[in-house]
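Here is a short tour of one protein model for your next look at the viewer. Keep the structure open as you read, and hop between the topics as you like.

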Amino acid sequence: MWQWWRTAHPITLPRKSPSPLSSNLGFTTTGIPPFAPSSIPHLYNTCLPKNNTISTLTTIMDPPTTYPDLREHLDALVTSEPPIELDVHLVETFTAQLTDANTAPLIPTLIPVLSAALTKLQTDPSSVTTLLLRLLSVVTFTDILQFTTSEQVQTALTSPSPAVQNLGLELLYKATATPAEAGVLASWTAVVKTVVTLALTARDTGVATKAAAVLVALLNVDTIEHGGAGVLWRRVFGDETVYCVFYGMTSWKGQDLGGRREKTEAQSRMLSLLESLVVLDFELLCRSRFEDVEAKYYTKNADTDGGYGGLLLYAATKMVEEREDVMMHMLLLEFYANLLAACGKRAWDFLNTLGKVRHAVTLAVKPEEYTDDFLEHGLLQSKASEFVARMIEYFPTELDVPYHNEKLGDELLVVIKKHLKTPYAGPHAPSLLVLRSIPPSWIAGKGVIPLVPLSPPETEFLRTIATLLPHQPLYREYLAKNNEMWEKLIHYASAPALSEAAVAALDVVDRVSAAGDWGIDEVLRAPGVMQMLVDVPDTFMSSRAGADTGAAAWRVFRRRWEVAGAVLGRLTEGNVWKSRLERRVAMGVLGKREGPGAEMATMEL
């Protein structure tokens, strides 16, 4: 997609002299008035020249009432030796007093002293960084470039404080506003490299998540589709010093991060990051960029790699030690499923060529062929089943493809029936997930749907029949073997104590009624269903019932009311139940038991 750099193309920015109080973390103050207290009247009663400050500044008459106290405190904090303690309450009060109208004029004088204060703090700097972010919220990235440099942003990103690192990342996020601003960062090599490093290895999870989000957002705005020139893409994937970070931080042959936990955490973050990046440019990520760099971390195999290379091949097949770490193996299977969801056919071709589709299918239907560990069977089968379900959703024709001497669909039904026939067994979530993903027409007449039990009330079982019964042949097949279905569903739906199972039972009513004319007819004929929907629920709760119990009951009552409204919308004019449902729906979730006519309306229902 991109033409890679042969030579560097730096974007030159004007150099500025730092304020004496800015230290190595502060923002530059070229052309900004001194921030002595005497400058306050000047700031609020005259228009600052455009060449002295950012373009968005305005003049206001009323600064926050705590401004003088804050300035005096910050000046003392910066100049005192030893440093005085930060007045967090004062900073937070001042931040709360800021408005869109009075924020901009404060930027030239407050940002330098606040950034200087960060270097003096011995305690949590969150209140100061929050104030800085509030001040910067009214300006653009281009404005920010007038009083900061890449070196200062780099210092913030490498700070030991997560709050300061987040400040640096928020500044960079402002560059996502336009392709031109994002392109500026292409010349900030050290900053880009640090953002990639933080996304993979930051000690603070919040910082790592934000760094990844900022990187993806910047690359997104730099795409051709958004008017970008691809300069940041060339910095990230065409600069060897940046590109090697992806491998060095995640490979077992790379940098020592302190232990196995840190390395596997970096690997999991790598998988998550790639899930977002493949949407932007799948082809770029599965092609080699610097083969000499890649060769340091993994060996390519022409017979099994199918001509693929780069970060995607590395992450999907080389990075994780599957046999050594079952949790990372589960994350890898989840990664495969997410690739399918993000990129469809391209991802399926990629995974199928690498043998990962067959690998996932084997774990879903015959996990014992991969490992003898019974615990690992369940863990891996669960994630593999998610992949298979996703694959069937996107590529249902795979059901007719033989994977182990018989069609995949037949293999799956064998596994599903085995678990459904196991006496006294609870729901086997992986096999039920796969069952719900198989097209109903493929299941009909194969004797699997009648095996789904209704008793005891299990949410997974109810969810499964809610998914499949709207298909008329499956509905008939199920009802023929479970003739008490509607009675049980009404019982569950009328029991708020069952919570999730009650909601799932109501979902069955909703889904069947939405299946077409035959579906609404079945609901109307089903004994007791319509009466349940028009009845006002009994809201009596024991005084011993806790908040959780009350919340669960409310969810059931609300869902019951929603289903009543949905069924009402599917009834034809003149139906005897229509007026009764209209009154019930108008009464609200719990029903209006007070006011003129309310008692009579309830009796009529």
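Glu 411 sits in helix H23 (residues 408-421); helices here are DSSP runs of H or I with at least four residues, strands are runs of E with at least two, and both are numbered from the N terminus. Please bear in mind that this is a predicted model, where local features need pLDDT of at least 70, side-chain atom pairs count only at pLDDT 80 or more, and totals for chains, interfaces and linings use all residues. Residues are numbered from 1 along each chain as its sequence is written, and side-chain values use heavy atoms, with hydrogens and water left out.

**Around Glu 411**

- Glu 411 has a relative accessible area of 4%, so it counts as buried (buried is under 20% relative accessible area, exposed is over 50%, and partly exposed is in between, with a 1.4 Å probe and protein chains only).
- Its side chain makes a polar contact of 3.1 Å with the side chain of His 404 (a pair of N or O atoms within 3.5 Å; within protein, one must be able to donate a hydrogen and the other to accept it, and residues adjacent in sequence count only if both atoms are side-chain atoms).
- Leaving out residues up to four places away in sequence, Glu 411 touches Val 365, Lys 366, Tyr 403, His 404 and Glu 406 (contact means heavy atoms within 4.5 Å).

**The whole protein**

- The protein has 34 helices and zero strands.
- Of its 605 residues, 52% count as buried.
- Among contacts with a separation of 6 or more, 70% come from residues 24 or more positions apart.
- About 27400 Å² of the protein is exposed, and carbon and sulfur atoms supply 54% of that (by the Shrake-Rupley method with a 1.4 Å probe; for residues, only the protein chains shown count as cover).

**Helix H19**

- Helix H19 (residues 326-343) has 18 residues, which should span 26 Å at 1.5 Å a residue, and its end C-alpha atoms are indeed 26 Å apart (the expected span is 1.5 Å times one less than the number of residues).
- Buried residues in H19 include Val 326, Leu 333, Tyr 336 and Cys 343.
- The buried residues of H19 pack against several helices, among them H15 (260-277), H18 (310-318) and H22.
- At the start of H19, a side-chain oxygen of Asp 325 comes within 3.1 Å of the backbone nitrogen of Met 327.
- Just after H19, Gly 344 has a positive phi of about 55°.

**Backbone exceptions**

- Most residues other than glycine have a negative phi, and most peptide bonds are trans.
- Asn 405, which is not a glycine, has a positive phi of about 75°; it lies in the loop between helix H22 (374-394) and H23, and is exposed at a relative accessible area of 84%.
- Ser 499 also has a positive phi, near 50°, but it counts as buried at 14% relative accessibility.
- The peptide bond from Glu 81 to Pro 82 is cis, with omega near -5°, and Pro 82 is in the loop between helix H2 (67-79) and helix H3 (88-97).
- Ser 455 and Pro 456 are likewise joined by a cis peptide bond, with omega about 0°.

**Around Leu 498**

- Leu 498 is in the loop between helix H28 (485-493) and helix H29 (500-513), and is partly exposed at 32% relative accessibility.
- Apart from neighbours within four places in sequence, Leu 498 contacts Pro 457 and Tyr 492.
- The C-alpha atoms of Leu 498 and Ala 552 are 8.5 Å apart, with their positions 54 residues apart along the chain.
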